[in-house]
Amino acid sequence: MSTPFTADPAFDAGSVFAADWPLCQVRLQDDARFPWLILIPRRAGMVELGDLAGADRAALWDEALRAGEVVRALSQRLGRPVDKLNTAAIGNVTAQLHLHVVGRRRDDALWPDPVWGRGPAERYDEAVRAEALRLIAES
């Protein structure tokens, strides 16, 4: 009997559930400074990219590209189009395998430095968060 998937509760501190795509749970990072999605493959016990079966690795990259399109669309709707998409599998805080897809602008406050752990998050206004979640759900 396999262990069912559950997202690490640590994700709840800075992100909100947005959708379930074929492989991943999609979460919106609740930081209006950057349009930012987190993809968590719904496979129990995954820590490294190499832990995924080949078909799941391919699906993860497909969903990462899809997430990039959503991040670009979200940035357009917010009136702040991104210049660059950053995609990373960094699990120093939460070991559970997950992929960050972050939109960056050359004029954002942290450019060109990394966004992780830099400054306090600026939570989305409720209406903007709802619009972002709707866009993700419709994609």
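Here are a few notes on this predicted model, point by point.

1. Start with the sheet. Five strands make up an open sheet, and their order across it is β1-β2-β3-β5-β4, with antiparallel pairing. If pairing is new to you: strands of a sheet are held together through backbone hydrogen bonds, in either a parallel or an antiparallel way.

2. Now look at the edges. β1 (15-20) and β4 (84-88) sit there with a single partner strand each, so one side of each has no neighbour in the sheet. The sheet isn't flat in terms of strand directions, either: neighbouring strands are turned by 25° against each other on average, direction ignored.

3. Zoom in on one pair. β4 runs antiparallel to β5 (residues 99-104), and five bridges link the two. To find one of them, pick Leu85: its bridge partner in β5 is Gly103.

4. Next, the helices. α1 (residues 54-77) packs on the sheet and touches β2 (24-29), β3 (36-41), β4 and β5, with its direction at about 30° to that of β5. Helix α2 (residues 126-138) lies across β1, β2 and β3, and makes about 25° with β1.

5. Don't miss the peptide bond between Trp111 and Pro112: it is cis, with omega about 0°. Most peptide bonds are trans. You'll find Pro112 in the loop between β5 and α2.

6. Last, is Asp31 buried or exposed? This residue belongs to the loop between β2 and β3. Its relative accessibility is 3%, and the cut-off for buried is under 20%, so Asp31 counts as buried. Apart from neighbours within four places in sequence, Asp31 is in contact with Ala121, Glu122 and Tyr124.

Definitions and conventions: Residues numbered from 1 in each chain as written. Predicted model: local features only at pLDDT ≥ 70, side-chain atom pairs only at ≥ 80, totals over all residues. Heavy atoms only, no water. Pairing = 2+ DSSP bridges. Helix = DSSP H or I, 4+ residues; strand = E, 2+ residues; numbered from the N terminus. Axes fitted to C-alpha atoms, helices over the stretch in contact; angles between N-to-C directions. Contact = heavy atoms within 4.5 Å. Buried < 20%, exposed > 50% of the residue type's maximum accessible area, 1.4 Å probe, protein only.
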